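Biologist: Hi, could you walk me through this model? I'd like to start with one residue and then wander a bit.

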Amino acid sequence: MSDRSVMSLYGPIVIESLRAAGFSVSEILVPAGETAKTLAVAERCWDECLTAGLDRTSTLLALGGGAVGDLAGFVAATYMRGIPFVQLPTTLLAQVDASIGGKVAIDHPRAKNLIGAFHQPLMVVSDPSVLSTLPDPEFRSGLAEVVKHGIVLDAAYFSDIEAHAPEIISKDLPTLERIIAVSCRLKGRIVEADEREGGLRAALNYGHTVGHAIEAATQFSKWLHGEAVSLGIVAAARIAQRLGLADVETVRRQVSLLRAVGLPVSFSAPSPQMIVQAIGRDKKARDGKVPFVLAPRIGEFRLVFDIPADLVSQVLAEMQGAAG
Ligand SMILES: NC(=O)c1ccc[n+]([C@@H]2O[C@H](COP(=O)([O-])OP(=O)(O)OC[C@H]3O[C@@H](n4cnc5c(N)ncnc54)[C@H](O)[C@@H]3O)[C@@H](O)[C@H]2O)c1
Ligand SMILES: [Zn+2]
């Protein structure tokens, strides 16, 4: 399964090598990006699986970004009560994040990723050289998750990214290979320990409470996911500093690394009020409180529940003051 543009770039080589290895292959084409993650598209995929004669011994391959991966995984999780699937991620975000961990979903008209399952892929195959055709903004957006892994999970990894930011943004292949492998291992370790997000997996939400709110308050149109997460990381870092949890240097390193890889660290809209309201509607809210992941130091995280809305607002206003 793939979308038209990824299929035209990388479909032939995947299909030919599978056929050469003796597999019989059928293609399912889906719309590109988030528009693929609907019930109507999933239904058409189930039809195409039936028409192609797929049964429980068949394997569904997801060739594309996180959207194709989420949809294909959802179709694989539900078709005949679940068939195996393989992730062949072609965006940086999908290689370091979406393809790992078994969360698969389609969107509900009222909320993203609301209808889904936990269905682990049989295998994830990432080839950094496919990132050469990925538009730069999409590539940089994926780097927000890479930086996030360093901040909350591994101080040595963070220093490695800091030291090699120029090679990373110029898509140097050996560097990318190393970065993608470390990020996969770090996320994989978290998911193995906490597949269903009881606690540890929440660390991966660093920067995402404010990030998701910025995306939602702008109808997912102004910022790419990783750009919004970058702003969310800056907000979380400043909140930790205001609470006396993190020192100035810890905040400075996060902000300068995000800037060094071309991600935004200040912004002018939406307003702090709109963002705070959107945080209140977060699906992770429990008893009206949204858990915030904070980083007391590089390589460490802590879940904090009682962040006053006023503090979030003030920090966002400061970031907007710094815009321009
Ligand atoms: N399941 C999870 O754990 C998880 C985690 C994070 C994100 N996600 C999901 O991932 C999705 C976003 O994924 P994404 O950022 O990969 O974007 P995407 O899947 O929406 O793809 C973006 C665009 O890039 C194009 N593209 C993909 N690979 C390319 C390549 N190598 N060269 C040129 N063009 C290419 C695609 O055709 C598409 O138009 C969202 O739906 C999000 O909810 C899921
Ligand atoms: Zn993310």
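Modeller: Happy to. Let's start with alanine 240, which counts as buried because its relative accessible area is 0%. Keep in mind that this is a predicted model.

Biologist: Good to know. Where is the place of alanine 240?

Modeller: Alanine 240 sits in helix α10.

Biologist: And what does alanine 240 touch, not counting residues up to four places away in sequence?

Modeller: With those neighbours left out, alanine 240 touches Leu245, Ala246, Leu294 and Ala295.

Biologist: Nice. What separates the C-alpha atoms of alanine 240 and glutamate 27?

Modeller: Those C-alpha atoms are separated by 48 Å, and the two residues are 213 apart along the chain.

Biologist: Let's switch to the metal. Which residues coordinate the zinc ion (ligand 2)?

Modeller: Glu145 through OE, His208 through NE2 and His225 through NE2, at 2.0 to 2.1 Å. Along the chain, the donors of this zinc ion follow the spacing E-x62-H-x16-H. Glutamate 145 is in helix α5 (residues 136-153) and histidine 225 in helix α10 (residues 225-242), so to speak a link between distant parts of the chain, 80 residues apart.

Biologist: Are glutamate 145 and histidine 225 buried or exposed, or something in between?

Modeller: Glutamate 145 counts as buried, because its relative accessibility is 0%. Histidine 225 has 24% relative accessibility, so that residue counts as partly exposed.

Biologist: On to charges, then. How many salt bridges does the structure hold?

Modeller: There are 14 salt bridges. In one of them, the side chains of aspartate 97 and lysine 187 meet at 2.7 Å, N to O. Aspartate 97 belongs to helix α4 (residues 92-98) and lysine 187 to helix α8 (residues 173-193), and the pair links distant parts of the chain, 90 residues apart.

Biologist: Is that aspartate 97 and lysine 187 pair buried or exposed?

Modeller: Both aspartate 97 and lysine 187 are buried.

Biologist: What about lysine 171, which side chain does it meet in a salt bridge?

Modeller: Lysine 171 meets aspartate 136, at 3.6 Å, N to O. Lysine 171 lies in the loop between α7 (165-169) and α8, and aspartate 136 lies in helix α5, so this pair ties together parts that are 35 residues apart in sequence. Lysine 171 is buried, with a relative accessible area of 18%, whereas aspartate 136 is partly exposed at 43%.

Biologist: Back to helix α10 for a second. Which side chain does arginine 242 meet in a salt bridge?

Modeller: The side chain of glutamate 318, at 2.4 Å, N to O. Since arginine 242 is in helix α10 and glutamate 318 in helix α13 (residues 309-321), the pair ties together parts that are 76 residues apart in sequence. Arginine 242 is partly exposed, with a relative accessible area of 41%, and glutamate 318 is partly exposed too, at 31%. Elsewhere, salt bridges that share partners join Glu34, Lys37, Asp70, Asp107 and Lys112 into one network.

Biologist: Last topic, pockets. How much space lies in the second largest pocket?

Modeller: About 870 Å³. Of the 34 residues that line the second largest pocket, Val14, Leu18, Val25, Leu61 and Leu88 are the closest to its centre.

Biologist: Which element gives the largest share of that lining?

Modeller: That is α1, with 7 residues. The elements giving two or more residues are α1 (4-20), α2 (39-51), β3 (60-64) and β4 (85-89).

Biologist: And how do the lining residues divide into nonpolar, polar and charged?

Modeller: The lining of the second largest pocket has 22 nonpolar, 9 polar and 3 charged residues.

Notes: Residues are numbered from 1 along each chain as its sequence is written. Chains are lettered from A and ligands numbered from 1 in the order in which they are written. This is a predicted model: local features need pLDDT of at least 70, side-chain atom pairs count only at pLDDT 80 or more; totals for chains, interfaces and linings use all residues. Side-chain values use heavy atoms; hydrogens and water are left out. Donors are N, O and S atoms within 2.8 Å of the metal (3.2 Å for Na, K and Ca); water is not among the atoms, so sites may look incomplete. Helices (H or I, at least four residues) and strands (E, at least two) are DSSP runs, numbered from the N terminus. Buried means under 20% relative accessible area, exposed over 50%, partly exposed in between (1.4 Å probe, protein chains only). A salt bridge is a side-chain nitrogen of Lys or Arg within 4 Å of a carboxyl oxygen of Asp or Glu. On a 1 Å grid over the protein atoms alone, a cavity is a set of points where a 1.4 Å probe fits but cannot get out, and a pocket is an open set with protein on both sides within 12 Å along at least five of seven lines; lining residues have an atom within 4 Å of a point. Grid points are joined across faces, edges and corners, and a volume is the space filled by probe spheres set on the points. Ala, Val, Leu, Ile, Met, Phe, Trp, Tyr, Cys and Pro count as nonpolar, Asp, Glu, Lys and Arg as charged, and the others, Gly among them, as polar. Contact means heavy atoms within 4.5 Å.
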